[in-house]
Amino acid sequence: MQLGPRVLVVVCFFNSILTVAWGLNGGLAWMYVRWWRDLYDDVKLNYTQDRAVELYFWASGVFLGEGNAHARIVLAKMIALSSLMDDTYDVRATLEEWDESAVSILPKYLHMLYLKTLGTFHEFEDALEPNEKYRVSYVQKAYMLLSKYYLQQAKWSNENYVPSFKDQADVSTMSSGAPMLAVVTLMAAGDKATKEAFEWASSVPDMVHAGGEIGRFLNDIPTYKRGKNKKDLATSLECYMNEHGATVEEAAAALYAMTEHAWRRINRACMEIDRALLPGAQLAVVSLARTIEIIYFGGNDAYTFSGDLQGLVTSLFLKPVPV
């Protein structure tokens, strides 16, 4: 079988990442590889993308350094689960309870994804110290909240409804996944995260919301420009164009300006926040948003199109740093 260009890029660069990661982190990197391969092969959702490189790259941008191998893997796993749920959530309802008995109400093709998700949460809890196990419940709640925003978007899409820019931005900022991943980042952050930090992030304060806006707006610009399927929900770019009678270029400029304003709010929050919360907030919001900027730099979408990652992955994992 002949491999397509994207598959070749994924295979070659993921192998390169793993070679370096193996040298730095031993068996942890291969545990992640095995987990992803088992998950992707077992759920058998042929409409989802194999994003092994993208997941690891994103997590590496948040948790730098050799000592953060486990944290990178935790974050990469949650990005993977949310990505699969996002790809699936065109017609499915949210679940109010998270236990294995709930699997019976799902269509059969989603049973394995649901059970794998539960198993991953159990795995997270088993890896935490007794005084840290409470963290998983915050992540579960954030993940369930994310699913509700996916559901709202699915309803709008099925009804061919074009929301106002404000309504679309409010919902899609949350569905960007950044607010949920802020909580996940804290779960993996070790001593940098306190229970107060989890309460803070879970309430989605303006700093966390601003991080979600960065993720949403930078994603929506290339999404519109590369073309959408007929059933796809109107992006924030389209809603802005409809509401303001703007051209694509004018709407994109407006979203970039809003992204800049979101960064200003994050910077202001870093100066005003309780000092005890700052280390966790910087990791959960600033590092996450910074990585989003890299992935969507220059109007590209390196998360969807792995070819855009080639230079970045080479620079990060393969080329020695000149000294």
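Start by selecting helix α9, residues 195–202: A197, F198, W200 and A201 are buried here. (Buried means under 20% relative accessible area, exposed over 50%, and partly exposed in between, using a 1.4 Å probe and protein chains only. Helices are DSSP runs of H or I with at least four residues, strands are runs of E with at least two, and both are numbered from the N terminus.) Those four sit on the same side of α9, because they cover an arc of only 160 degrees around the axis. That arc is taken from the directions from the helix axis to the C-beta atoms.

Before going on, a word on what you have open. This is a predicted model, where local features need pLDDT of at least 70 and side-chain atom pairs count only at pLDDT 80 or more, while totals for chains, interfaces and linings use all residues. Residues are numbered from 1 along each chain as its sequence is written, and side-chain values use heavy atoms, with hydrogens and water left out.

Now show what covers the buried residues of α9: the cover includes α6 (134–158), α8 (178–187), α10 and α13 (278–295). Just past the helix, click on V204, which follows α9 and has a positive phi, near 50 degrees.

**The rings around F198**

Keep F198 selected and add Y134. Their ring centres are 5.8 Å apart and the planes stand at 75 degrees, so this pair is edge-to-face. (Rings of Phe, Tyr and Trp, the last by its six-membered ring, pair if their centres lie within 6.5 Å; planes under 30 degrees apart count as stacked, over 60 as edge-to-face and the rest as tilted.) The pair joins distant parts of the chain, with Y134 in helix α6 and F198 in helix α9, 64 residues apart. Which of the rings is partly exposed, with a relative accessible area of 22%? That one is Y134, whereas F198 is buried at 0% relative accessibility.

Next add Y138, which forms a tilted aromatic pair with F198: 5.3 Å centre to centre, with 40 degrees between the planes. Here too distant parts of the chain are linked, Y138 in helix α6 and F198 in helix α9, 60 residues apart. Both Y138 and F198 are buried.

For another stop with rings, select F121, F124 and Y143, which ring pairs link into a cluster. The count of aromatic pairs comes to ten.

**Over to α11**

Select residues 236–244, helix α11, where S236, L237, E238, C239, Y240 and M241 are buried. Their cover includes α7 (165–175), α10 (206–225) and α12 (248–272), going by contacts, meaning heavy atoms within 4.5 Å. Show α12 as well: its axis and that of α11 come within 9 Å and cross at roughly 115 degrees. (Axes are lines fitted to C-alpha atoms, for helices over the stretch in contact, with angles from 0 to 180 degrees between N-to-C directions.) The side chains to display are S236, L237, Y240 and M241 of α11, and V248, A251, A252, A254, L255 and M258 of α12. After α11 comes G245, with a positive phi near 60 degrees.

**A glutamate in α10**

Click on E213, in helix α10. Is E213 buried or exposed? It counts as buried, at 11% relative accessibility. Beyond its neighbours within four places in sequence, E213 is in contact with T173, A262 and R265.

**Zooming out**

Finally, show the whole protein: 14 helices and zero strands. Buried residues make up 53% of its 323 residues.
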